[in-house]
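Open the model in your viewer and keep the sequence panel beside it. The stops below say what to select and what is there.

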Amino acid sequence: MKKPIARPTATTGPTEDSQIVRAPRAFAAAAVELNDPQFDPTPDETLIAPPPRRMGWLGRLAWTTGGVLVSAGLGLAADRLIRDLFAANPWLGWLGLGVLGAFLVAVLVLAAREIFALRRLRMLDALRRDAALATSENDQHRATQVVERLTAVYGDRPDQARARQTVADHLPHLFDGNEIVAMAERSLMAPLDARAKALTAASARRVALVTAVSPRALVDITFVIYESIRLAGAIAALYGARPGFFGFWRLTGAILAHLAVTGGLVLTDGLVEQLVGQGLAAKISARLGEGVVNGLMTVRVGIAAMRVVRPLPFHTQPQPVVRDFIPELTRLVSDKAK
């Protein structure tokens, strides 16, 4: 009699070496949210200066009529002068006529330059407004036009050649208005922002040093005004404004309006002591503390000039604030203390 043998009842099924192959399953993509670190300025830094108001019709009428009267008076005076020169001696008359012609040509050239400078400032203001509108509405067509006009502004700048090439390479592949403006800001504005901050820091250091060593308050005030004007002009030229005489006055008015809105003219000794570190400037010398105050005021002017002249609003790049320049002044105070 044979011994009973246990046999499996199932003839098919997975063996020890077999693997269970699972069919691929599709997963619904969840919503992805990118949380980039946002720039958190102080409350007074978030205020944006309103655009400079244009002159009303009454002011234009006054300036136009006054200009006509002054021009007529100068024309009659020049005519009388040339007639007197011809009456005295013919060659004096011809010499005076030639000098008058050269003067008129120079005046026309200067007037053309001033008109071009004012038009350039208005164009940068229009670019900034259109870029902000394209970003808020996510308008691809408007954003593309803004970038094309901006690259045309920097078309004759060798220092922006690589940035222009980067924009030209990436622009055909972007279809989002926000990303187009952001790409232009990263490529074109970021290098200019770094140079503008360097100019502001250098100007603040010069103002602080001159204030610390100058014997008279009048010298301090004069140098602060001179350095502020020089810094505003340098930043405007860096961003492509090229302001002339009247254009610079318009730029100065816009900067002062920005400072008035943001409260840039209010800096107390307590704030300076807190920034420099537990009253370090006051412990070293009163003159050095005044130098820090004047340096911070110059920083305010530079920041206001950047925000007024910059052809693109700050969207992806951090906005400059006063505390970004505090290490420079702190280092200056530490060096003077040694």
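A residue counts as buried under 20% relative accessible area, as exposed over 50%, and as partly exposed in between, with a 1.4 Å probe and protein chains only. This is a predicted model, in which local features need pLDDT of at least 70 and side-chain atom pairs count only at pLDDT 80 or more, while totals for chains, interfaces and linings use all residues. Residues are numbered from 1 along each chain as its sequence is written, and side-chain values use heavy atoms, with hydrogens and water left out.

**The whole chain**

Start with everything selected and coloured by secondary structure. The protein has eleven helices and zero strands; helices (H or I, at least four residues) and strands (E, at least two) are DSSP runs, numbered from the N terminus. Of the 338 residues, 35% count as buried. The protein exposes about 21800 Å², and carbon and sulfur atoms supply 64% of that area; accessible areas come from the Shrake-Rupley method with a 1.4 Å probe, and for residues only the protein chains shown count as cover. Contact means heavy atoms within 4.5 Å. Among contacts between residues at least 6 apart in sequence, 74% join residues at least 24 apart.

**Helices H1 and H2**

Select residues 57–88, which form helix H1, and residues 90–137, which form helix H2. The two pack at an angle of about 150°, with their axes 6 Å apart. Axes are lines fitted to C-alpha atoms, for helices over the stretch in contact, and angles run from 0 to 180 degrees between N-to-C directions. H1 and H2 are therefore roughly antiparallel; angles under 35 degrees count as roughly parallel, over 145 as roughly antiparallel, 65 to 115 as roughly perpendicular and the rest as oblique. Show side chains for Ala78, Ile82, Leu85 and Phe86 of H1, which meet residues of H2 including Trp94, Leu97 and Leu100. By class, this contact has nine nonpolar residues, two polar and no charged. Here Ala, Val, Leu, Ile, Met, Phe, Trp, Tyr, Cys and Pro count as nonpolar, Asp, Glu, Lys and Arg as charged, and the others, Gly among them, as polar.

**Along H2 to the next loop**

Stay in H2 and select Arg128. Is Arg128 buried or exposed? Its relative accessible area is 18%, so Arg128 is buried. Not counting residues up to four places away in sequence, Arg128 touches Arg307, Val308, Val309, Arg310, Pro311, Leu312 and Pro313. Arg128 and Val308 are 180 residues apart in sequence, yet their C-alpha atoms are 9.4 Å apart.

Next select Asn138, in the loop between H2 and H3. Phi of Asn138 is near 55°, a positive value in a residue other than glycine. Most residues other than glycine have a negative phi. With a relative accessible area of 36%, Asn138 is partly exposed.

**Helices H5 and H6**

Select residues 177–213 for H5 and 217–238 for H6; these helices pack at an angle of about 170°, with their axes 10 Å apart. H5 and H6 are therefore roughly antiparallel. Their contact includes Leu199, Ser203 and Val207 in H5, and Phe223, Leu231 and Ile235 in H6. It has eleven nonpolar, three polar and five charged residues.

**The nonpolar cores**

A nonpolar core is a set of buried Ala, Val, Leu, Ile, Met, Phe, Trp, Tyr and Cys residues joined through side-chain atoms within 4.5 Å. Select Met189, Tyr239 and Val309: of the 43 residues in the largest core, these touch the most other members. H5 gives the most to this core, with eight residues. Leaving aside neighbours within four places in sequence, Met189 is in contact with Leu150, Tyr154, Ala184, Tyr239, Arg310, Pro311 and Leu312. Apart from this core lies another, of eleven residues, among them Val292, Leu296, Phe325 and Leu329.

**H10 and the loop after it**

Select Thr298 in helix H10. Thr298 has 0% relative accessibility and so counts as buried. Beyond neighbours within four places in sequence, its contacts are Thr200, Ser203, Ala204, Val207 and Leu231.

Finish in the loop between H10 and H11, where you can select Pro320 and Val321. Pro320 is buried at 0% relative accessibility, and Val321 is buried at 1%. From C-alpha to C-alpha, Pro320 and Arg307 are 8.8 Å apart, with their positions 13 residues apart in sequence. The C-alpha atoms of Val321 and Val299 are separated by 8.7 Å.
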